[in-house]
Every structure is written in structure tokens, then in C-alpha cells.
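Work through the exercises below with the sequence and the coordinates at hand. Each task is followed by a solution that goes step by step.

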Amino acid sequence: MKLPWRLSARLLIASSVATVIGFSAVCTSVLIDMRHGEEALARQTLENLASGIDADINRNIELYDLSLRNVVNNLGLPEIAEVSKPILHLILFDHAATAQHFGAIQVFDAAGRLTIDASTLDPLPESRAEEDYFRVHRDNPDTGLFISKPMLHRGAYVLVLSRRISAPDGHFLGVVAGSIRFSYFQDLFGRLSLEQGDTVTVLRRDRTVIMRTPFDPEIIGRNLNTRSGWNPANLPDGGIYRGVGPVDTIPRMYVRRTSESPLVVIVGKPLDSIFGLWQTEAMRIGAIMLTLIGLALGVTMLLVREMGRRAQAESRLEELASTDALTGLKNRRKFDATIESEWRRATRYALPISLLMIDADHFKAFNDRFGHQAGDQLLLGVAICITDSVRRAGDCAARYGGEEFAVLLPGQAAADAMRVAETIRLKVQEWSDGAERATVSIGVASVTPVAPMDWPGLVSSADKALYAAKAAGRNRCIAATVPPLSLVA
């Protein structure tokens, strides 16, 4: 079965749109997977970087803390007060960690006065009673290892690591303290292969910034809990955060290393750097997809337009094939197809069907007297009168042959058909004038068909009624009853 061209066009457009949507969904899925892959790779890289930095820092802190605990333990020996200063230094600092970035270990008494210095046997007078680390150990016996904020010590930024010295009964005896110079962090970060915009931040557990690269003296020693617009819960221990951090406005992916160390390592990488290659690829694929979508839709619309043109041409050809060129009415071929279809329908549903056979009176004499052109005008005038009188969509008016016309009236009984016939006859009569007055004779046949009957019998009955009208003097309508045939003037 041939589909109407509009339905075919809709199916073509729908299938093209479905194809475009399908390919777009596939490409979008691929791009999303690529983005997730880039993000996972960046996260793994940052976690590995944070793990390496954390391990190096913790190893050095643990090494230095062992030296501090060794000093605390040895100071608790009973005989320590009786030895000389050189022996005391040997006992306290023989196993002390020494490295380029480690400062000398110092011992302060309960009043904060410097009593022992690993760098000299005769230390200069010095007091640390007002330092945070001294007050913390004095007021909190269970502090353990304490790491201070970054502070200036002997002209350089350092971190002070300290432990409490307690008597056997627990009362405060003083503090042992050492330092790690910032040059350690600068040397550590200098060995890393960081890209522009990458950050490494070392925090205390209370989120005080110990060190950051790129270095910013304004942020060193600040507590990030106090930064406006920043929620510390965004980046829990071992977590990941994407967005603007507490220091600057560059969106990054931040990874926080899970660790039990007193210092926390956080590394960050700009999102533009992570997704830069992906964005370039996404734009390239998107441009290709848009081009292909445009071409597909353009070709589809072109095909739809050509289908419309072809349908119009076919419709025009069909119309020409079924229309009489002179009168514009249906031709005999179309009439036969229509009456065949309507006859079957009337038989199926037991509906009446009527037929008018119309003939122009004295046409041959008129044609011989006034010429073929005038004869054509007469036929055209009769066709117009018929068209004006037959207005229902299902009616079929046709030029049956020569000067003879036929009007099929599906669903109309004899009385209605006679009214239509009279209307046509009067219109033709009113249209013509003078000595050349034209008239028509009309034969009317009506029937409600049943299975044994066929439509040529209806045509024959209407034709006989037409001849009866002509024999009765022309310019009149006569109806025939089918079957049997009876004529009524």
C-alpha cells in the first residue's frame, strides 16, 4: 500500500531526528566517559602526589620527634644532674637527628629559661615563657608532640616541634624544643614536577597553614577555618573537593591525604588543566556532530521538499488523467471508476444511488450553424451550470462523451435527484438567450442496489429516460424507476 506523501515525509523526518538523537546520545555518553576518565586520572595522580609528600614530611617529623623523646627520657635519669656539660650533651644529643634543615634542640626550664642548647655548651640567656608551644605544654600535660605555627627564629621561618618535660609526680619541669626550617619544604616542593596553577598546602590539624606552594606570605600561619565563604566540611580527611578553595578564586580539584600525622597535606590542580584536553576534544567532536546534524537535517528537508514536489506533480498528472480538458469535469474513465466504487458501497450499506444523464438539445445543428468554437462554449456553459448545481463532496459530475454529461448522486433517492435535475435544466435555460437559446434534456434513474444488480443497468435506465425526455419534446427531465423501468413525465 502506497503511503500518502505527507505521512512518508513525517516518517522520514521522524527517522532522521531519531537518528540524530541516537548519534548525539552516543557521542554525549562517550564524552561523559572521557570526562570521568580524565577526572579519575587526575584524582589518582593527586592522591599519589599527596601520599609521597605526606610520607616524606611524616618521616622527618617522626625522626625529629624521636630525638625530642630521647632528650625527655634522658633528662629523667637520676644521675643526669651530676655529669659535666660535655657528658650531658653526649647523653642527651648523641642520637639526635641531624640534617641540613633541622635546628638545634633546646631545653627550657619550668620558667621558660634556656638551660641546655645542643649547639653550644654555654647558651646565651633566652626565655620562651611567652611562646605558644611553652604555654600549651605548661597548661596541658597530655599534649604530646606539639607543632607550632610558622615563626621567625634566628632570622628564618621555622616550625617548632616540642614536648613536655614532666617530673615523676607529673608536675611541669619544662619543655624540650627543636625546629624544622622552611628550607626543608622549599627543597621538597622544588623537587616536584608541578604545573602552573598546581598547589600543595601543608596544614596543622586545626587547619593552620604551615606551608603552601606557590608561596604566599599572606596565607602562611593563617587558619582556614576563619576564611569567609569557606566551609571546612568541604574537604574532610581523605576527601576530594571540586571548586573554589579558601585561598584564591581558581576552581581546582583538591585531594586531602588520609593520615594520622599532625600535619595534613592537600594538593590541588586547576579544573581547566584537568579538563583542558577533554574540552578541546569535546569541542572538536561537537563541531563535527553539529556539521553532520546540519547535513542530515538539510538532506532530509531537501528530500521532503522533493517528495512534496513529486506528490504535487503526481496529483496534477492524476487530475489531468481524470479531467476533461474542455469542461473541467471528470472524464469518462474517472466516472466509471467512481460509479464502480459508489455502487459497491451503496450495495454494502443498502443506500440509494441516483444517476443523471444530460444531453445538450440540438447540439449538432448548433455546432454546424455557429461553428465548433461556439459549440465548445455551449458545452462549457452547460458544464458550469452542472457544477453550480452539484455541490456535495461525494457527487461526481462528468463529461460522458460528446455533448452528453453524467451526474452521479450517491445517497440520494429519486425525488432529490429530480430536484437536482430540474435545477440544472433551469440554470442552462436561464444562462442561454435569444434565438440561440440552449436547453438540455435529462434522464434520471434511482435505485437501492442489491447483490444481483450491477451499475451498467443504472446507466442504461438513465440513458433510456434521457431518450424518453428527448422524444417528449426535449428541455425536460424524466425519471426511470429501476427495476422495472417506468417513465414519468
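**Exercise 1.** What should the 17 residues of helix α10 (residues 455-471) span at 1.5 Å a residue, and how far apart are its end C-alpha atoms?

*Solution.* The model is a predicted one, in which local features need pLDDT of at least 70 and side-chain atom pairs count only at pLDDT 80 or more, while totals for chains, interfaces and linings use all residues. Residues are numbered from 1 along each chain as its sequence is written, and side-chain values use heavy atoms, with hydrogens and water left out.

Step 1: helices (H or I, at least four residues) and strands (E, at least two) are DSSP runs, numbered from the N terminus, and the expected span of a helix is 1.5 Å times one less than its number of residues. Step 2: for the 17 residues of α10 the expected span is therefore 24 Å, and the end C-alpha atoms are 25 Å apart, which agrees. Step 3: the buried residues of α10 (buried means under 20% relative accessible area, exposed over 50%, partly exposed in between, with a 1.4 Å probe and protein chains only) include W455, L458, A462, A465 and A469. Step 4: α10 is followed by G473, whose phi is positive, near 120°.

**Exercise 2.** Describe the aromatic pair of F134 and F172, and say where its two rings lie in the chain.

*Solution.* Step 1: rings of Phe, Tyr and Trp (its six-membered ring) pair if their centres lie within 6.5 Å, and planes under 30 degrees apart count as stacked, over 60 as edge-to-face and the rest as tilted. Step 2: a search of the whole structure finds 10 aromatic pairs. Among them, F134 and F172 are edge-to-face, at 5.4 Å centre to centre and with 75° between the planes. Step 3: this pair links distant parts of the chain, since F134 belongs to helix α3 (residues 132-139) and F172 to strand β6 (residues 172-181), 38 residues apart. Step 4: F134 is buried, with a relative accessible area of 1%, and F172 is buried as well, at 13%. Step 5: one aromatic cluster is formed by Y157, F182, Y184, F185 and F189.

**Exercise 3.** Which rings have the charged end of R332 or the residue R35 over them?

*Solution.* Step 1: a charge sits over a ring if NZ of Lys or CZ of Arg is within 6 Å of the ring centre and within 35 degrees of the ring normal. Step 2: R332 has its charged end over the ring of Y400, 3.9 Å from the centre, and R35 lies over the face of W278, at 5.1 Å from the ring centre.

**Exercise 4.** Identify the residues of unusual backbone geometry in the loops.

*Solution.* Step 1: most residues other than glycine have a negative phi, and most peptide bonds are trans. Step 2: R207, which is not a glycine, has a positive phi of about 70°; R207 lies in the loop between β7 and β8 and is partly exposed, with a relative accessible area of 23%. Step 3: N475, also not a glycine, has a positive phi of about 50° and lies in the loop between α10 and β16 (477-481). Step 4: T213 and P214 are joined by a cis peptide bond with omega of about 5°, and P214 is found in the loop between β8 and β9 (240-244).
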